[in-house]
Amino acid sequence: HAKRLEYVQGVGVKLERFQNHSAERDAIRASLGLGKDDFVLLSVAEMTKNKNHRMMLEAMARIPNPHVHLLCAGRGQELENNIALCSQLHLTDRVHFLGYRSDVPQLYAAADAFLFISFREGLSLSLMEAMSSGLPSIVSPIRGNTDLIEDQKEGLYAALTPQAVAQAIETLAGDPALCQRLGANAKEKVQAFSLDTISKRMEDI
């Protein structure tokens, strides 16, 4: 029954916080035991069933390439279950549980792609942070994610199966030019969601 509606693109992100960290890339990777030639996926999320880390691990188990690694930053009620599954799937050398981190901007700089396959989302801050860092993303095609990522433009959609997620990972891992193109598009698109843009929009309203 509202007489007037206004659309605002989220709460805004301080995009500059997640940029200009490329010089720290090699040092962060070395501190995590990662090589320069490794393909590094990053997940920044609370360890809950909704965030779907289990399927990330099941997808990683389908990828034989020893140079594909997954960093999981975050903690939560599913952490111990995820660590146990990781061990069962013999992934302890390629999946790294980092716990709570205060250097997330540097982790984005150290990664090659962002993995975000939740069952449900709003407009995700972590996904916008990854875009601001120039990362291509693999996302579940759900509301929130599809507001930010268009398939084959800023990232890849992956159906919620381990096989589909693994295929998307292998596609990016095998195509540096695609990663660069998707990441550049993401960095450009997310400018519309910057805190400065949103604040100006709110002032106008």
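## Exercises on a predicted model: sheet, helices and cysteines

Ser-137 stands opposite Gly-155 in strand S6. The exercises below concern a predicted model.

**Exercise 1.** Determine the strand order of the open sheet and identify its edge strands.

*Solution.*
1. Begin with the pair that contains Ser-137 and Gly-155. Strands S5 and S6 are joined in the parallel sense over 3 bridges.
2. Move on to S5 (residues 137-139) and S4, which run parallel and are likewise connected by 3 bridges. Here Leu-115 is placed opposite Ile-138 of S5.
3. Next, S1 (residues 39-44) pairs with S4 over 2 bridges, again in the parallel sense. Leu-41 faces Ala-113 of S4 across this pair.
4. The complete open sheet has 6 strands in the order S3-S2-S1-S4-S5-S6, with parallel pairing. Its edge strands are S3 and S6 (155-157), each of which pairs on one side only. From one strand to the next, the twist averages 20°.

**Exercise 2.** Describe the side-chain directions and burial in S4, and state the handedness of the unit that S4 forms with H5 and S5.

*Solution.*
1. Strand S4 covers residues 113-116. Ala-113 and Leu-115 point one way, while Phe-114 and Phe-116 point the other way.
2. All four of these residues are buried.
3. S4, helix H5 (residues 125-132) and S5 together make a β-α-β unit, and the unit is right-handed.

**Exercise 3.** Establish how far helix H2 is covered, and by which elements.

*Solution.*
1. Helix H2 spans residues 53-60, and 6 of its 8 residues are buried, so the helix is mostly covered.
2. The buried residues are His-53, Met-55, Met-56, Leu-57, Ala-59 and Met-60.
3. These residues pack against the strands S1, S2 (68-73), S3 (95-99) and S4, and against the helices H3 (79-88) and H7 (162-173).
4. With respect to the sheet, H2 lies across S1, S2, S3 and S4 and runs at about 165° to S2. H5 also packs on the sheet, where it touches S1, S4 and S5, and its direction makes about 165° with that of S4.

**Exercise 4.** Are H2 and H3 roughly parallel or roughly antiparallel to each other, and which residues meet between them?

*Solution.*
1. The axes of H2 and H3 come within 10 Å and cross at roughly 10°.
2. Angles under 35 degrees count as roughly parallel. H2 and H3 are therefore roughly parallel to each other.
3. On the H2 side the residues that meet H3 are His-53, Arg-54 and Leu-57; on the H3 side they are Asn-82, Leu-85 and Cys-86.

**Exercise 5.** Find how many disulfides the structure holds, and explain why Cys-179 forms no bond with Cys-72.

*Solution.*
1. A search of the whole structure returns 0 disulfides.
2. Cys-72 belongs to no disulfide, and the nearest cysteine sulfur, in Cys-86, lies 8.0 Å away. The cut-off for a disulfide is a pair of cysteine sulfur atoms within 2.5 Å.
3. For Cys-179, the closest cysteine sulfur is that of Cys-72, at 18 Å, which is too far for a bond.
4. Burial can be assigned as well, since buried means under 20% relative accessible area. Cys-72 has 1% relative accessibility and so counts as buried. Cys-179, at 11% relative accessibility, also counts as buried.

How values were computed. Residues are numbered from 1 along each chain as its sequence is written. This is a predicted model: local features need pLDDT of at least 70, side-chain atom pairs count only at pLDDT 80 or more; totals for chains, interfaces and linings use all residues. Side-chain values use heavy atoms; hydrogens and water are left out. Buried means under 20% relative accessible area, exposed over 50%, partly exposed in between (1.4 Å probe, protein chains only). Helices (H or I, at least four residues) and strands (E, at least two) are DSSP runs, numbered from the N terminus. Two strands pair if DSSP finds at least two bridges between them. A crossover is right-handed if, with the strands pointing away from the viewer, the path from the first strand over the helix to the second runs clockwise. Contact means heavy atoms within 4.5 Å. Axes are lines fitted to C-alpha atoms, for helices over the stretch in contact, and angles run from 0 to 180 degrees between N-to-C directions. Angles under 35 degrees count as roughly parallel, over 145 as roughly antiparallel, 65 to 115 as roughly perpendicular and the rest as oblique.
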